[in-house]
Amino acid sequence: MDNAVVRARSDLQEAVREIHIMAGLGPDERANEHERPVVIGITSPTYGDGKTTVAIALAASLSSDLGAQVTLVDADLQTHSIGEAFGLHGRGGLTDIVAGTISLADARYPVQGPNLTVIGAGTATLEAARVAYSTALRQTMSTIRSESQFVIVDLPATNHSMTAPILAQRCDGVVIVARSGHSTIGNIERVAGLLRDTNVMGVVINRARSHIPAFVERALNLRR
Amino acid sequence: MIPRKIIEAFFRRLWLIAVPVVLVPLAVFLLVRPETEYQSTATVWVDRSLGGAALIGEVSQWTTPAEHQSTAVNEMLSTDRFRKAVLTRAELVDGDASRTEVARVWRLVSVGAAERGSNLIAVTARSPDPDVSATLVDATIVEFGERFSTEVTRTATAEIEHYEEQLVLAEEELQEREGALREYIRANPEVASGDAVGATDLNYRTLVNQVEQQLSLVNELNESVQSAERQMASAPQAFSSGFIVQDPPEAPNNPVPTSIVERSGMPLAGLALGMAISMTYLYLSYRTDHTVRSAEDLGSLGLPVLGTVPELQPGRGLAARFPLGTLLRWRRRDFAWSAASAITEAPPERQKGGRDGRNGHG
């Protein structure tokens, strides 16, 4: 593995562990297991904000750190980013399950060990909104949920696709990914407004980069 | 408490903020730096005897000759005609130079007089050329002397004309009175015999007195004419004896030293302007940046921040910076996905190439 990748992986893993804690995903004996969200949707205001990266990292981290059975679902029917990341082009996925041309078991692609499986967006040409509203999708999500401890759903960018709020309603909680220095407060506010019928767990600030020297941060007691 | 965003904006745009702070004072320093000037001075001893000419005015007992003369020189230097005469004599402009040309050249130099005691004045000139400054002092003194002589001559000529007119009238009156006296003596010869009769004749005595008074007036007028003629003739000598150059001007070897206040004043003002520009830019950057950069920015939305993912750079050091970092930006997405996938124990096969083998399916 490339040194740069190792370094980036380490940084990313630590950042995602913070999300575990803040979102209450970690193994807490005191917490009620039933209250813990199982299906977590990841969305962002616009494309390129890093929702796919966060979704992959969160799924990989949950399977790696907690040893949990995690399913990563590509529900972004416009970009198929998860499929692109894992090389699932041309393979059956979510749309094919909804269309009934493939079973859920056939659509699962295990990656990197037995704990993490990926379901791509699929190859069937269906209208995204139709997929989002379909009963088949509800049933599929219900099945995936029953078979996994965590389901991470890569949703479309909310400000670009109105299927995102609909798909978000199939999730127990939604995480909004904001790109540092790019996503505006107005955009986040709009996303939060569109997701008002869902449980917005919080915001993850992606691609954060501080230009402030460490000694200035210490001297001025600045919060990150 | 200072908002993090403004500190962030400051360090993010540090180079742009630093540019006006450095360039504006530098530009001001280069554009308005004080010119190198050379100063030449002549010390002149002046006398009260110069007073009386219309050019100088009446000498007051309350002012010293030096005060008086320096005022006169400075007043002359404030006139365009005198300036042109000085510049022409110093060969800085032609004799037929326009008023605009004279004003333009005069702006490059400065000439003035100042008292240095009761009878000493200093005539000083500054110019970018050391020889020109000495020449200007010389030209000012010589031109002032010529003006003085001309003015004395003009005043004396007017006086002579006036006195001569009065003299003609007085002499005519004298002749009339002498004629009247002769007529009276011819009619009364006994009054001129020299005995007591003449002394007691009231008419005779009156006529004699009138003749004597008129004769006295004629003599006075003659003296006045002669005095004016003397004044006119001796005007150059009077100036030389009452306006003595003690230390003639010399071409200076070194320029006039400029004070640190004069040298640094404008660059400091430029620095203040540069800082004002930078601060305005920083403030506008801060006020117009509505993006999310830290948890502080999301406070108004009431959404909790679950975490902060750092920017994942494919390169390090120079490779992460402009311009290489910008060129490698297209790699970031794939790189981030690789890093995210690598969180599980075994990295995806994609890292090793071969798309088909990376998902381990079929």
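Me: Buried means under 20% relative accessible area; what share of the 224 residues in chain A is buried by that cut-off?

Reply: In this predicted model, buried residues account for 56% of the 224 residues in chain A, a chain that holds 10 helices and seven strands. Of the contacts in chain A between residues at least 6 apart in sequence, 78% join residues that are at least 24 apart.

Me: Why does Thr140(A) count as buried?

Reply: The relative accessibility of Thr140(A) is 7%, and the cut-off for buried is under 20%, so Thr140(A) falls in the buried class. Thr140(A) is part of helix H7 of chain A, which covers residues 135-147. Once residues up to four places away in sequence are set aside, Thr140(A) touches Leu94(A), Ile97(A) and Leu104(A).

Me: How do you know that Ala113(B) is buried, and which residues is Ala113(B) in contact with beyond four places in sequence?

Reply: Ala113(B) has a relative accessibility of 10%; buried requires a value under 20%, and therefore Ala113(B) counts as buried. Ala113(B) lies in strand E2 of chain B, where, apart from neighbours within four places in sequence, Ala113(B) is in contact with Ser70(B), Val73(B), Asn74(B), Ala122(B) and Val123(B). The C-alpha atoms of Ala113(B) and Thr140(B), two residues 27 apart along the chain, are separated by 9.8 Å.

Me: What makes E2 and E4 of chain B the edge strands of their sheet?

Reply: The sheet is an open one of four strands, in the order E2-E3-E1-E4 of chain B, with antiparallel pairing. Strand E2 (110-115) and strand E4 (243-247) of chain B each pair on one side only, and this marks them as the edges. From one strand to the next, the twist averages 30 degrees.

Me: How do you know that strand E1 (residues 38-46) of chain B pairs with E4(B)?

Reply: Pairing requires at least two bridges between two strands, and E1(B) and E4(B) have four bridges in the antiparallel sense, so the two strands satisfy the requirement. In E4(B), Ile244(B) is the bridge partner of Trp45(B). Helix H3 of chain B (residues 65-77) packs on the sheet, touching E1, E2, strand E3 (120-127) and E4 of chain B, and the direction of H3 makes about 165 degrees with that of E2(B).

Me: Why are H4(B) and H6(B) called oblique to each other?

Reply: Helix H4 (residues 80-89) and helix H6 (residues 130-187) of chain B pack at about 125 degrees, their axes 8 Å apart. An angle is oblique if it is neither under 35 degrees, nor over 145, nor between 65 and 115, and the two helices are therefore oblique. The crossing of H4(B) over H6(B) is right-handed. Phe82(B), Ala85(B) and Val86(B) are among the residues that H4(B) brings to the contact, while those of H6(B) include Leu136(B), Ala139(B) and Thr140(B). By class, this contact has eight nonpolar, one polar and five charged residues.

Me: What makes H6(B) and H9(B) oblique?

Reply: The axes of H6(B) and H9(B) come within 9 Å and cross at roughly 135 degrees; roughly antiparallel would need an angle over 145 and roughly perpendicular one from 65 to 115, so the pair is oblique. H6(B) passes H9(B) in a right-handed crossing. The contact joins Ile141(B), Phe144(B), Gly145(B), Phe148(B), Ser149(B) and Val152(B) of H6(B) to Ala235(B), Pro236(B) and Phe239(B) of H9(B), and the residues divide into seven nonpolar, two polar and no charged.

Me: Why is H8(B) also described as oblique to H9(B)?

Reply: The axes of helix H8 (residues 202-233) and helix H9 (residues 235-242) of chain B come within 4 Å and cross at roughly 60 degrees. Roughly parallel needs an angle under 35 degrees and roughly perpendicular begins at 65, so H8(B) is oblique to H9(B). Gln231(B), Met232(B) and Ala233(B) of H8(B) meet Ala235(B), Pro236(B) and Gln237(B) of H9(B), a set with four nonpolar, two polar and no charged residues.

Me: Which helices are included in what covers the buried residues of H1(B)?

Reply: Helix H1 of chain B (residues 4-12) has Arg4(B), Lys5(B), Ile6(B), Ile7(B), Glu8(B) and Ala9(B) buried. Their cover includes helix H10 (214-220) of chain A, along with helix H2 (14-32) and helix H10 (260-288) of chain B.

Conventions. Residues numbered from 1 in each chain as written. Chains lettered and ligands numbered in written order. Predicted model: local features only at pLDDT ≥ 70, side-chain atom pairs only at ≥ 80, totals over all residues. Heavy atoms only, no water. Axes fitted to C-alpha atoms, helices over the stretch in contact; angles between N-to-C directions. Contact = heavy atoms within 4.5 Å. Nonpolar A, V, L, I, M, F, W, Y, C, P; charged D, E, K, R; others polar. Buried < 20%, exposed > 50% of the residue type's maximum accessible area, 1.4 Å probe, protein only. Left-handed = near helix turned anticlockwise from the far one by under 90°.
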